[in-house]
Amino acid sequence: GQCLSVCPTAALTEVNNVSKVWDALNDEDKVVVVQTAPAVRVALGEEFGMDPGSVVTGKMVASLKNIGFDKVFDTDFAADLTIMEEASEFVHRLEHGGKLPILTSCCPGWVKFFEHQFSDMLDIPSSCKSPHEMFGAVAKTYLAQKMDIDPEKMVVISVMPCVAKKYEAARPELGHGGTKDVDLVITTRELAQMIREAGIDFNTLENQDFDNPLGESTGASVIFGATGGVIEAALRTAYEWLTKETLENVEFEALRGIEGTKEATVNINGQDIKIAVTHGLGNARALLEKIRAGEAEYHAIEIMACPGGCIGGGGQPYHHGNLDILKKRIEGIYSEDRSKTLRKSHENPMIKKLYEEYLGEPYGEKAHELLHTHYVARQKM
Ligand code: SF4
């Protein structure tokens, strides 16, 4: 399909999970919890005739409630959680002479590529699970306790812009006590299919809000959907933690936009922190080879496998590599960020509560057990 030309996971055949999701919804014994990735809300509308980049968060939530999910939550919540852990890991490595650069780890598209092609560099990726996996781990522990249900009865469904997330969810290390963090992944296109199958008139839906506690999010989390967004979100938090000062201008323009590789230097406490952002596996390979050869030095890098980041993912409405569509989706992402009162992950009140009530310290023991993972050296393909 279209995936072959633009999707880094072209080697993978997409399995349609829609009927499995209907089965879970029809099973009275199950509590079915759904989460939606940042990039879905700026592309789903295209399936129903809207312009690219239309932000349809409220209609998307309404459609999921109409379909019959027991709880409708937001992967953005877990993106804020990812920043708590990843910024902590960055600060820890910076202050304790740890391995640099740190490489963001939310994109399973490059994780697999990296395990095969750069298996000598497995100490650079952050050990953080990707946001939807963190969500699943928290849902089946903290949330299950709060809802007073058996985690075995909970089914966690992720709506993702991504085909690779389906394979990521099946990795044996991404689970806890014998249960998988995430049970099923459907793409943006598959959600559109479900909305049609349910006979829902998407365009006339009234906006609805996510459920809580795992539905609250900041502007930092939504920008995960665009290339450069994860590093920008991490910087908003790491800057404040390291300097103990308020970051007034949260928008790091140099990290934004569609160029293949972007670089920025941010002065923190008198130290120049060097950052690089890249998207597309060809660009990623070039950047990693330069780092391996010692020709470039950075403190932090972000890699996304898809063009433009997750907004250009293989599970999104077809964009045929059209830059105009990608740019409009990116603009949708930044407008959602600007519309938020809170724009730094560590300010999310529900995240603070989660650490207070359950996790303890960021990057602490419980957080490691639930929210971190490891990588495996694999044979060169
Ligand atoms: Fe999936 Fe996003 Fe990575 Fe593409 S960039 S493979 S959509 S996680």
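**Two open sheets and their packed helices**

Strand β1 (residues 31-36) pairs with β2 in the parallel sense, over 4 bridges. The model examined here is predicted. Within the β1-β2 pair, V34 has V72 of β2 as its bridge partner. Helix α4 (residues 75-95) packs on this sheet. Its contacts reach β1, β2 and β4 (154-160). The direction of α4 makes about 40 degrees with that of β2. Helix α6 (residues 131-147) packs on the sheet as well, touching β1, β2, β4 and β7. Here the angle is taken against β4, and it is about 145 degrees.

The sheet that holds these strands is open and has 4 strands. Their order is β2-β1-β4-β7, and the pairing is parallel. Strands β2 (71-74) and β7 (184-187) stand at the edges. Each has a single partner strand, so one side of each is left without a neighbour in the sheet. From one strand to the next, the twist averages 25 degrees.

A further open sheet is formed by 4 strands in the order β3-β10-β9-β8. Its pairing is mixed. The edge positions belong to β3 (102-103) and β8 (261-268). Both have a single partner strand, and therefore one side of each lacks a neighbour in the sheet.

The pairings can be followed from β3 across to β8. Strand β3 is joined to β10 (residues 300-304) by 2 bridges, and the two run parallel. I102 has A300 of β10 as its bridge partner. Strands β9 and β10 also run parallel, joined by 5 bridges. In this pair, A276 is matched with I301 of β10. The connection from β9 to β10 passes through α11, and this β-α-β crossover is right-handed. Helix α11 (residues 281-292) lies across β8, β9 (271-279) and β10. It runs at about 145 degrees to β9.

The antiparallel part of the sheet lies between β8 and β9, which are joined by 8 bridges. N267 stands opposite D272 in β9. The two strands form a hairpin with 2 residues between them. In the turn, N269 has a positive phi of about 50 degrees.

In a regular strand, side chains alternate between the two faces of the sheet.

Terms used
Residues numbered from 1 in each chain as written. Predicted model: local features only at pLDDT ≥ 70, side-chain atom pairs only at ≥ 80, totals over all residues. Heavy atoms only, no water. Pairing = 2+ DSSP bridges. Contact = heavy atoms within 4.5 Å. Axes fitted to C-alpha atoms, helices over the stretch in contact; angles between N-to-C directions. Right-handed = clockwise from strand over helix to strand, strands pointing away.
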